[in-house]
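I am opening the notebook on this structure and mean to go through its sheets, its helix packing and the annotated positions in turn. The entries below record what I looked up.

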Amino acid sequence: MNRETLSLPMVALRGLSILPEMVRHFDVSRPKSIQAIEEAMLGDQKIFLTAQKDVETESPGVTDVYQTGCVAAIRQVVKLPKKMLRVLISGESRACINVMEFEEPYMRANITVIPDTDTSIEDTGAEKNPMNLDAMIRGMKDIFKEYLLKDPKLSKELAVQIENINELKKLVDVIAANMPFSYTDAQQLLEEPDLMRRYELLAYKLVSEIQILNVKEELQKKVKERVDKNQREYILREEMKLIREELGDDNTLSDAEEFQQEADALKAPKEVKEKLGKEIKRFKNSMNSPAEVGVIRTYIETMLEMPWDKVCRDHKDIAYAKKVLDEDHYGLEKVKERVLEFLAVRALTKKGDSPILCLVGPPGTGKTSIAKSLARALKKPYVRISLGGVRDEAEIRGHRKTYVGAMPGRIASALKQAGVKNPLMLLDEIDKVSNDYKGDTFSALLEVLDSEQNSKFRDHYLEVPMDLSEVLFVTTANTLQTIPRPLLDRMEVIEVSSYTENEKMHIAIEHLIPKQLERHGLAPDQLTISRNALWKMARNYTKEAGVRQLERKIGDICRKAAREILETKKKAVHVTERNLHLYLGKELYIYQMANKADEIGIVRGLAWTSVGGDTLQIEVNVMPGEGEILLTGQLGDVMKESARTGISYIRSVSREHKIEENFFKEHDVHIHIPEGAVPKDGPSAGITMATAMMSAITGRKVRADVAMTGEITLRGRVLPIGGLKEKLLAAKNAGIRTVIVPQENEPDVEEISSEITRGLEIIPVSHMDAVLKIALAE
Ligand code: ADP
């Protein structure tokens with residue numbers, strides 16, 4: 001093939017390779033290049049253009065430029081400021097440098113034009129299959145179209161132009177010339193004179209370009225999505241903030257932060273902290289549901305207020321404790337002693353090992369108040385839980401959070417109120433707890449009081465274990481009978497018994513009156529209550545083992561006195577036995593005094609009730625009938641059984657007492673116990689009923705000044721009874737002189753203070769014979 005050799009002015013281009021079919025303009029500023037352009041313009045306007053290998057080279061030599069370049073026709077030259085030229089050229093044919101000439105003021109190159117070849121034809125020597133050609137053209141057009149879709153910068157006209165090309169070489173060159181390839185890519189295409197290989201190279205470059213664009217597009221999409229999401233969230237948050245502000249509820253976010261800070265500062269076990277963290281997260285996430293937010297907020301606040309690891313130090317000074325107990329209470333020597341012993345043991349043993357104190361006794365005898373003093377002595381916070389009437393386990397353990405209005409149980413609430421994990425917790429009236437269908441209250445209490453279990457007590461509401469092992473539990477009860485055995489086994493029982501009238505006087509004068517005066521804002525000299533008035537109050541205005549009612553009555557007097565002082569401008573009020581009724585009204589109780597004369601079938605028994613001792617009169621009547629036994633009045637089941645036992649005993653000894661053989665067949669026996677204010681039941685009226693029956697049956701009178709108490713057996717033995725102190729007290733108050741008690745109770749009698757026993761003839765008996773001998777008058 002004939003290769004044309006030319007000598008043309010030459011320009012080395014920086015960052016640009018010109019391809020045949022390419023129409024481009026570029027700016028030239030180097031004087032050598034400007035000269036070359038001008039030279040070309042003077043001739044046939046052809047110029048040889050080749051790219052510099054390195055854009056930085058200022059005066060390129062032979063080796064600094066690509067050997068293959070392009071012959072181009074200059075279409076237009078525009079002068080720019082600073083002696084620069086803008087040149088519009090169109091690429092025409094490939095050419096390679098033979099010699100570069102530098103002697104002119106511009107570069108000139110001796111070049112050889114490289115004609116296109118087609119290896120596919122050369123290799124086979126055959127004509128190109130037109131079908132193949134067509135397929136190649138279409139293939140290239142398709143690729144280009146695909147590219148066009150991705151790159152909107154290419155012009156529509158170009159698309160149309162390319163669509164109309166039907167010659168393969170032209171198609172390849174036009175596409176190559178118009179693609180925004182880098183100059184190195186363009187150079188590669190320029191250096192490939194073979195059409196087939198150029199076709200492949202172009203196709204390859206196009207496809208990879210498409211792929212790059214695809215990846216770019218995908219990346220852009222992702223970036224956009226992310227930006228969109230952030231944007232969206234930002235906008236939504238801003239809107240929510242606005243809505244909250246409108247509703248006046250813009251604290252939730254800051255609350256959550258505050259909760260978190262508090263939770264971080266909270267001294268608590270890990271489990272609690274984790275639970276709190278979770279709930280705070282839930283709190284943040286449920287801001288759109290006010291109901292839920294409320295529930296979670298209450299929960300978090302409760303959790304934060306619990307004294308998880310907060311403790312107070314025990315004050316272990318026994319002398320100080322004694323001083324406090326003495327200061328707060330009159331008498332109660334035994335109780336105080338037991339409490340002090342308890343404290344001493346506690347100080348010596350490890351925590352959690354000390355037993356639970358249970359103070360048992362009638363109401364108003366100072367059980368609660370001893371517990372309070374104990375707390376004061378130990379300098380511990382004191383909390384009281386009243387268990388009277390608690391039937392539902394949930395009251396102890398709390399309701400699960402799923403309940404509407406769920407709350408922690410009483411134990412957890414009390415601990416929260418105490419503010420430390422080791423307060424003195426008083427479980428008041430533990431004997432009044434009962435079980436119902438809703439769950440086992442006792443087993444919940446057992447868990448609370450059991451040192452083996454209570455370090456991990458679970459409240460249903462809080463859901464995390466609470467440590468109760470350091471709590472000092474004190475319980476109170478009126479009676480031990482209703483406390484289940486397992487619970488009782490965990491407690492150390494201390495009995496607090498009724499007060500005598502003398503003790504009541506002391507307590508009133510030394511404690512109750514000063515307390516009430518202070519509570520009502522009265523100075524000690526503004527109100528005085530005489531001793532006799534107090535006596536009368538204890539006797540005729542109250543009927544109790546303790547001093548609660550008495551304290552209330554003193555309170556009543558204080559109120560009236562305060563009013564009187566203000567209204568009448570009196571300096572002081574003096575309450576005496578005589579004017580007492582002006583303050584307290586009519587007497588409420590009149591003691592059933594001993595009968596004046598001996599009577600048949602009437603015997604005075606002694607009873608022990610929850611409010612202390614009392615006397616009760618038993619009446620028996622015998623009338624013609626068919627051997628029936630009638631029982632009426634205030635009788636419990638145990639009493640009824642005692643009555644029957646009594647009659648069996650009498651029948652068994654009827655001969656000795658000269659009772660006719662047919663007597664029980666022809667007579668009915670009617671036993672009646674008049675209604676009293678307080679219900680009584682128990683076996684201790686056994687001998688009383690038997691004596692009354694014997695008296696009624698035999699017609700012998702009963703001594704009016706005798707009272708008795710004791711259980712009876714079928715064979716007439718007399719068995720011991722409880723509550724002797726209260727019973728003797730009641731007997732004394734009723735003016736009784738002789739009291740018959742079971743022999744086995746004799747040791748108890750010795751323990752009772754002489755204040756009670758003085759003036760009483762106490763006769764211990766072991767058999768009914770002896771009772772009858774003493775009680776029945778001749
Ligand atoms: P309980 O718990 O046994 O039912 P409280 O402890 O409530 O009785 O006592 C009732 C009131 O009587 C309280 O104000 C208490 O201080 C007072 N009190 C009871 N016993 C005494 C006592 N021995 N000395 C001083 N005050 C007493």
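Before the helix pairs, I set down the convention on handedness: a crossing is right-handed if the near helix is turned clockwise from the far one by less than a right angle, and left-handed if it is turned anticlockwise. I also note that I am working with a predicted model.

**Entry: α24 and α28**

With that convention in hand, I looked up how α24 passes α28 and found a right-handed crossing. The axes of α24 and helix α28 (residues 768–775) are 10 Å apart, and the two helices pack at an angle of about 60°. That angle makes α24 oblique to α28, because only angles under 35 degrees count as roughly parallel and those from 65 to 115 as roughly perpendicular, with over 145 taken as roughly antiparallel. From α24, I listed Ile687, Ala690, Thr691 and Met694 as the residues making the contact, and from α28, Met768, Val771, Leu772 and Ala775. Sorted by class, the contact of α24 with α28 holds 7 nonpolar residues, 1 polar residue and no charged ones.

**Entry: α18 and α20**

I then turned to helix α18 (residues 501–519) and helix α20 (residues 548–568), whose axes come within 10 Å and cross at roughly 45°. α18 and α20 are therefore oblique to each other, and α18 passes α20 in a right-handed crossing. On the α18 side I noted Lys504, Ala508, Leu512, Ile513, Lys515, Gln516 and Leu517, which meet Leu550, Glu551, Ile554, Gly555 and Cys558 in α20. By class, the contact of α18 with α20 has 7 nonpolar, 2 polar and 3 charged residues.

**Entry: the sheet of 7 strands**

Next I traced an open sheet of 7 strands, ordered β19-β20-β18-β17-β22-β25-β26, in which the pairing is mixed. At its edges I found β19 (629–633) and β26 (761–765), each with a single partner strand, so one side of each is left without a neighbour in the sheet. Ignoring direction, neighbouring strands of this sheet are turned by 30° against each other on average.

Within this sheet I looked at strand β18 (residues 612–624), which runs antiparallel to β20 and is joined to β20 by 6 bridges; valine 622 stands opposite valine 669 in β20. α24, already met in the packing with α28, lies across β17 (602–609), β18, β20, β22 (706–708) and β25 (738–742), and runs at about 30° to β18. Helix α25 (residues 724–733) also packs on the sheet, where it touches β17, β18, β25 and β26, and its direction makes about 70° with that of β18.

**Entry: the annotated positions**

Which residues does UniProt list for "active site"? The record, an unreviewed entry, gives Ser684 and Lys727. They are spread over 44 residues of sequence, yet they cluster in space, with a largest C-alpha distance of 10.8 Å. I placed serine 684 in the loop between β20 (667–673) and α24 (686–698).

**Entry: the sheet of 5 strands**

I followed a second open sheet, in which 5 strands are ordered β8-β9-β12-β7-β13 and the pairing is parallel. Here β8 (382–386) and β13 (491–495) stand at the edges with a single partner strand each, so each has one side without a neighbour in the sheet. From one strand to the next, the twist averages 25°.

Strand β7 (residues 356–360) and strand β12 (residues 472–477) run parallel and are joined by 4 bridges, and cysteine 358 has threonine 475 in β12 as its bridge partner. Helix α12 (residues 333–348) lies across β7, β12 and β13, running at about 155° to β13. Helix α13 (residues 367–378) packs on the sheet too, touching β7, β8, β9 (424–428) and β12, and its direction makes about 175° with that of β9.

To see this packing from a single residue, I took threonine 368, which is placed in helix α13. Leaving aside its neighbours within four places in sequence, threonine 368 is in contact with Tyr382, Arg384, Leu426 and Asp428. Threonine 368 and leucine 426 lie 58 residues apart in sequence but 7.7 Å apart in space, C-alpha to C-alpha.

**Entry: pairings of β1**

Lastly I checked strand β1 (residues 5–13), which pairs with strand β6 (residues 107–113) in the antiparallel sense over 6 bridges, methionine 10 having methionine 107 of β6 as its bridge partner. With strand β3 (residues 46–51), β1 pairs in the parallel sense over 4 bridges, and there the bridge partner of leucine 13 is alanine 51.

Definitions and conventions. Residues are numbered from 1 along each chain as its sequence is written. This is a predicted model: local features need pLDDT of at least 70, side-chain atom pairs count only at pLDDT 80 or more; totals for chains, interfaces and linings use all residues. Side-chain values use heavy atoms; hydrogens and water are left out. Axes are lines fitted to C-alpha atoms, for helices over the stretch in contact, and angles run from 0 to 180 degrees between N-to-C directions. Contact means heavy atoms within 4.5 Å. Ala, Val, Leu, Ile, Met, Phe, Trp, Tyr, Cys and Pro count as nonpolar, Asp, Glu, Lys and Arg as charged, and the others, Gly among them, as polar. Two strands pair if DSSP finds at least two bridges between them. UniProt positions are given in the numbering used here, feature names are shortened, and annotations may be inferred rather than shown by experiment.
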